[in-house]
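Colleague: I want the reasoning behind the labels. Take me through them one at a time.

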Amino acid sequence: MTARSEIKVDPHLDGPVAEKHYLPTAGGYALGGMRIAFGFYFLWAFVDKLFGLGFATPAERAVVNGGSPTTGYLSGVEGPFAGLFNSMAGGVVWDVLFMAGLLGIGVTLMLGAGARVGAFAGAAMYLFMYAASLPTVTNPFLDDHLTGAIVMVVIALIPASWSYLGLGEWWARVSPSRFLR
């Protein structure tokens, strides 16, 4: 019997999952596609903030033009954590950590190598953004930041999501630690 922490993928399993440790091939591809989509989301945010491509960040506020990626969002935070986030706005350390986080999360999720660490970091970033958006406007509890954090945890906990459409199997062989997978 397979240990609970191992996941086996049966390419011939098309119907309902017979045992809890099997994942249909289509499910693996769906997880891989979801991982790549979220990776692109973070990587695009990094590129847009770095160069000010005019989507979320105008050219004059681009990092390469001396702009701060945290000022716009964090200086406008209201709610229970406003003091904390307002004080972080525009700080060089927070700017560097934010940009490094966007880049690292995006690259690890796009490649599937180190995706566990990238997904947990993505969940943490989403939770910080959730705290900054409180109180939520359209729902008393749930918003896109919280659902993004949940998706990141799913990606982090299901090893098949790293291997399908990615380098997760290779990374599992060469990574120095099980946690770094």
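Modeller: Start with a cut-off: buried means under 20% relative accessible area. The model is predicted. In helix α1, the buried residues include Leu-31, Arg-35, Phe-42, Phe-46 and Leu-50.

Colleague: How do you know that the span of helix α1 agrees with its 27 residues?

Modeller: Set the expected value against the model. At 1.5 Å a residue, residues 25–51 should span 39 Å. The end C-alpha atoms of α1 are 38 Å apart, so the two agree. Gly-52 follows α1, and its phi is positive, near 60 degrees.

Colleague: Why are α5 and α6 called roughly antiparallel?

Modeller: The axes of α5 (residues 115–132) and α6 (residues 144–157) cross at roughly 165 degrees. Angles over 145 count as roughly antiparallel, so the label holds. Those axes come within 8 Å, and α5 passes α6 in a left-handed crossing. The residues of this contact divide into 14 nonpolar, 3 polar and 2 charged.

Colleague: Which residues meet there?

Modeller: Among them are Phe-120, Ala-123 and Leu-127 in α5, and Leu-146, Met-152 and Val-153 in α6.

Colleague: What makes α4 oblique to α5?

Modeller: Helix α4 (residues 92–111) packs against α5 at about 135 degrees, with the axes 8 Å apart. The roughly perpendicular range is 65 to 115, and roughly antiparallel needs over 145. The angle fits neither, so α4 is oblique to α5. The contact includes Phe-98, Leu-102 and Ile-105 of α4, with Ala-119, Gly-122 and Met-125 of α5. The contact residues divide into 8 nonpolar, 4 polar and no charged.

Methods:
Residues numbered from 1 in each chain as written. Predicted model: local features only at pLDDT ≥ 70, side-chain atom pairs only at ≥ 80, totals over all residues. Heavy atoms only, no water. Helix = DSSP H or I, 4+ residues; strand = E, 2+ residues; numbered from the N terminus. Expected span 1.5 Å × (residues − 1). Buried < 20%, exposed > 50% of the residue type's maximum accessible area, 1.4 Å probe, protein only. Axes fitted to C-alpha atoms, helices over the stretch in contact; angles between N-to-C directions. Left-handed = near helix turned anticlockwise from the far one by under 90°. Contact = heavy atoms within 4.5 Å. Nonpolar A, V, L, I, M, F, W, Y, C, P; charged D, E, K, R; others polar. Parallel < 35°, antiparallel > 145°, perpendicular 65-115°, else oblique.
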